[in-house]
Amino acid sequence: VRKVAKGKIPESAVMRCRWILSWKSAGPNDSPADVSNGQKAKARLVVVGFEDPGVGIVKNDSPTLSKDGRQMILQQVSSNGWDLISFDVSTAFLHGDGDGRVLGIHPPPELREALGMSETEQCSLEGGAYGRVDAPYLWYCKFRDTLVAEGFYQCPLDPCVFTLATKDSKGQLRIHGSVGIHVDDGIGGGDQVFLASLQRIKNKFNFGSFEQGSFTFTGIRFQQWDDKSIEYDQVDYI
């Protein structure tokens with residue numbers, strides 16, 4: 001967001017927003033000053049998205065990883081003897097770039113104070129935001145473009161499967177690893193070239209977690225054994 005002169009944004013394109021306050025379990029990397037009884041306070045500014053003037057028009061459908069796509073990645077990781085990894089991106093929807101539309105929000109007092117806004121200024125919404133109807137799609141586009149820029153190939157049969165490959169001197173493709181994206185969660189694996197590429201992506205975004213071998217992904221518990229075979233179940237869910 002940024003402040004602009006009043007009148008720059010039509011009133012019909014200015015949406016309300018709300019603070020959503022909650023508690024979440026503290027992680028090992030959280031500062032002790034932010035933790036109380038094993039929990040950490042969380043505040044999220046959420047836009048009242050249905051007030052978007054383009055709510056029924058703008059593209060807002062974001063693809064998610066298919067079961068077949070996930071199975072292909074798991075088989076590739078196991079067959080090549082790679083380590084199975086999982087990660088999630090914190091505040092993913094805030095990373096999405098805007099689509100060029102002129103939108104604004106009615107900022108709460110805390111945001112007005114932080115931006116030093118006067119009564120003659122409006123708050124322009126130029127990127128992704130929680131509650132924005134196209135936030136998942138804008139985030140998907142941002143992450144997809146980042147992967148492609150790193151050299152990943154997007155699967156033509158599943159838009160959430162990306163494979164990192166390079167060409168050798170004979171023009172043959174060498175597969176380094178694959179990753180599947182489910183909104184702001186990722187699962188995959190690869191060799192050192194793949195891991196180095198993922199580290200560069202990690203430096204661009206804020207990864208909330210990065211796990212290897214044993215983890216829960218989209219409600220499913222995954223376990224990779226010493227022989228690189230992979231087992232998964234939903235025992236805890238049941």
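## A pocket and a small sheet

The largest pocket holds about 780 Å³ of space. Keep in mind that this is a predicted model.

Let's start with the walls of that pocket. Its lining is made up of 32 residues, and K42, R44, S90, T91 and N206 are the ones nearest the centre. Sorted by class, the lining splits like this:

| Class of residue | Number in the lining of the largest pocket |
|---|---|
| Nonpolar | 15 residues |
| Polar | nine residues |
| Charged | eight residues |

Which strands supply at least two residues each to the lining? They are β3 (17–25), β5 (39–47), β6 (85–89) and β13 (207–212). Strand β5 gives the largest share, with six residues.

Now for the small sheet. Three strands make up an open sheet in the order β14-β15-β16, and their pairing is antiparallel. Why does one side of β14 and one side of β16 lack a neighbour in the sheet? Both β14 (214–217) and β16 (230–233) stand at the edges with a single partner strand each, so one side of each is left free of a neighbour there. On average, neighbouring strands of this sheet are turned by 25 degrees against each other, ignoring direction.

Here's a bit of background: strands of a sheet pair through backbone hydrogen bonds, in either a parallel or an antiparallel way. In this model, β14 and β15 (residues 220–224) pair in the antiparallel sense over four bridges. Take T216 as a starting point: its bridge partner in β15 is R221.

A helix joins the picture too. Helix α1 (residues 67–79) lies across β15 and β16, and α1 runs at about 145 degrees to β16.

Methods
Residues numbered from 1 in each chain as written. Predicted model: local features only at pLDDT ≥ 70, side-chain atom pairs only at ≥ 80, totals over all residues. Heavy atoms only, no water. Pairing = 2+ DSSP bridges. Axes fitted to C-alpha atoms, helices over the stretch in contact; angles between N-to-C directions. Contact = heavy atoms within 4.5 Å. 1 Å grid on protein atoms, 1.4 Å probe; cavity = no way out; pocket = protein on both sides within 12 Å on 5 of 7 lines; lining within 4 Å. Points joined across faces, edges and corners; volume = space filled by probe spheres on them. Nonpolar A, V, L, I, M, F, W, Y, C, P; charged D, E, K, R; others polar.
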